Amino acid sequence: MQSTATTTRMVTLAARPTKDPGPEHFDIVTTDLPALEDGQLLVRNIYMSVDPAMRGRMDTSEKHYTTNFRVGGPLDGSAIGEVVASRAAGVEAGTHVRHRLGWREYAVVDAAAATTIDPTIAPMRDWLGILGQTGFTAYVGLTRAGELASGDTVFVSAAAGAVGSAAGQFAPLLGAGRVIGSAGGPEKARLLVEELGLDAGIDYRDDLPAGLASAAPDGIDLYFDNVGGDHLVAALYALRERGRIALCGMISDLRNRDTSPPISHLIQATLKRLTIRGFIVRDHEDLRPEFEHRVAGWLRAGDLTSRTTVTPGLENAPQAFVSMLAGGNVGKALVQIGDEA
Ligand SMILES: NC(=O)c1ccc[n+]([C@@H]2O[C@H](COP(=O)([O-])OP(=O)(O)OC[C@H]3O[C@@H](n4cnc5c(N)ncnc54)[C@H](OP(=O)(O)O)[C@@H]3O)[C@@H](O)[C@H]2O)c1
């Protein structure tokens, strides 16, 4: 089927926020679609991802994972959709692809920048979540940046979120001895143990250092850091000698730098001979086939719980993004833009 869509609704950046964004920082506009050129696909978007890094991209000051958003210009990010018209050899209408032009109903995508996904292997949502960039981030952080070793006691922050819920569940499957997670509020802390199977869940809004001391009285070997700030400081003190930190992201600092603790706590890294390694997932594509093979196998075997929080409607995408930053999600935060069928 070749689509006749000639316009699309898309979300644009109306203004740059200084703290957490609100509805006033977004607009929804209708715009003409460009004509398809050779090698391009017209994609009807079905799901799109909302990610913490998008908050950094709303600023001017700092380069994050990719380019910063322009005021008046469209937002972008990972999405999955159905090809409805194709001028690319080998990609038929009806194929499902993952690409980078979310935040709009229809996207004209270079076929070279799109990946075909197979919804018979896993549901489409998982291809943006546990089997997508989110799960891949967890896998790279544990195996390569964190050098997870057999028997390790692992602490994962934002463990009820997308990357964190994947990391917390992958860790024992990769050989960790004990896995502790932190999340905001008692319900999320309970969910970490009861639904995701972690050994202990800490409500960080209570007393994080005390929670960590009680969950890991002998200390931790590896900290998977999604949060930064007070979490990173608590982990520095909880780590054993020669422990490791995989620096994945710092959502607490991304949201509010005014309360970031002093860097002087880092002396713990010297005293304990720690290894701290930051990573950006896209530098590790060589691990992707191994990751997809293993995680698809774990999903088939029923070893993983894949949680998503899905907000319906492109018009609600800004709210889904704002809510995810404040912890409104469990698992991967997605927006459903179109029907699956
Ligand atoms: N290095 C890479 O290549 C890479 C790739 C992807 C993502 N990341 C990073 O991975 C981290 C997680 O991303 P994600 O997509 O999985 O998001 P997510 O964890 O699904 O959502 C963000 C979560 O952060 C928590 N949070 C918000 N403010 C917080 C604070 N001040 N202190 C503690 N927790 C807070 C909230 O959970 P609570 O309810 O528990 O507070 C919220 O659900 C982010 O830092 C992101 O930047 C890095």
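Where is Ala158 found? Ala158 sits in the loop between S8 and helix H4 (162-173). The model discussed here is predicted.

## Two loop residues with positive phi

Most residues other than glycine have a negative phi. Ala158 goes against that pattern: its phi is near 45°, a positive value, and the residue is not glycine. Glu147 also has a positive phi, near 45°, and is a residue other than glycine.

Glu147 belongs to the loop between helix H3 (133-145) and strand S8 (153-156). Which of these loop residues are buried or partly exposed? Ala158 is buried, because 28 other C-beta atoms lie within 10 Å and the cut-off is 20 or more. Glu147 has 14 C-beta neighbours inside 10 Å, so Glu147 counts as partly exposed. That count falls between the limit for exposed, 12 or fewer, and the limit for buried, 20 or more.

## How H6 meets H7

Now look at two helices. H6 covers residues 204-215, and H7 covers residues 229-238. Their axes come within 9 Å and cross at roughly 15°. Angles under 35 degrees count as roughly parallel, so H6 is roughly parallel to H7. The crossing of H6 past H7 is left-handed.

Which residues meet here? From H6 come Tyr204, Leu208, Pro209 and Leu212. From H7 come Asp230, His231, Ala234, Tyr237 and Ala238. By class, this contact holds seven nonpolar residues, one polar and one charged.

## H7 inside the structure

How many of the 10 residues of H7 are buried? Eight are, so H7 is largely enclosed by the rest of the structure. The buried residues are Gly229, His231, Leu232, Val233, Ala234, Ala235, Leu236 and Ala238. His231, Ala234 and Ala238 are buried, and these residues also take part in the contact with H6.

## Around the ligand

The ligand has 31 residues around it. Which come nearest? They are Gly161, Ala162, Gly184, Gly249 and Gly327. Several helices give two or more residues to this shell: H3, H4, helix H8 (251-255) and helix H11 (317-325).

The shell can also be sorted by class. It has 18 nonpolar, 10 polar and three charged residues.

Technical notes:
Residues are numbered from 1 along each chain as its sequence is written. This is a predicted model: local features need pLDDT of at least 70, side-chain atom pairs count only at pLDDT 80 or more; totals for chains, interfaces and linings use all residues. Axes are lines fitted to C-alpha atoms, for helices over the stretch in contact, and angles run from 0 to 180 degrees between N-to-C directions. Helices (H or I, at least four residues) and strands (E, at least two) are DSSP runs, numbered from the N terminus. Angles under 35 degrees count as roughly parallel, over 145 as roughly antiparallel, 65 to 115 as roughly perpendicular and the rest as oblique. A crossing is left-handed if the near helix is turned anticlockwise from the far one by less than a right angle, and right-handed if clockwise. Two residues are in contact if their C-beta atoms, placed from the backbone, lie within 7 Å. Ala, Val, Leu, Ile, Met, Phe, Trp, Tyr, Cys and Pro count as nonpolar, Asp, Glu, Lys and Arg as charged, and the others, Gly among them, as polar. A residue is near a molecule or strand if its C-beta atom, placed from the backbone, lies within 6 Å of it.
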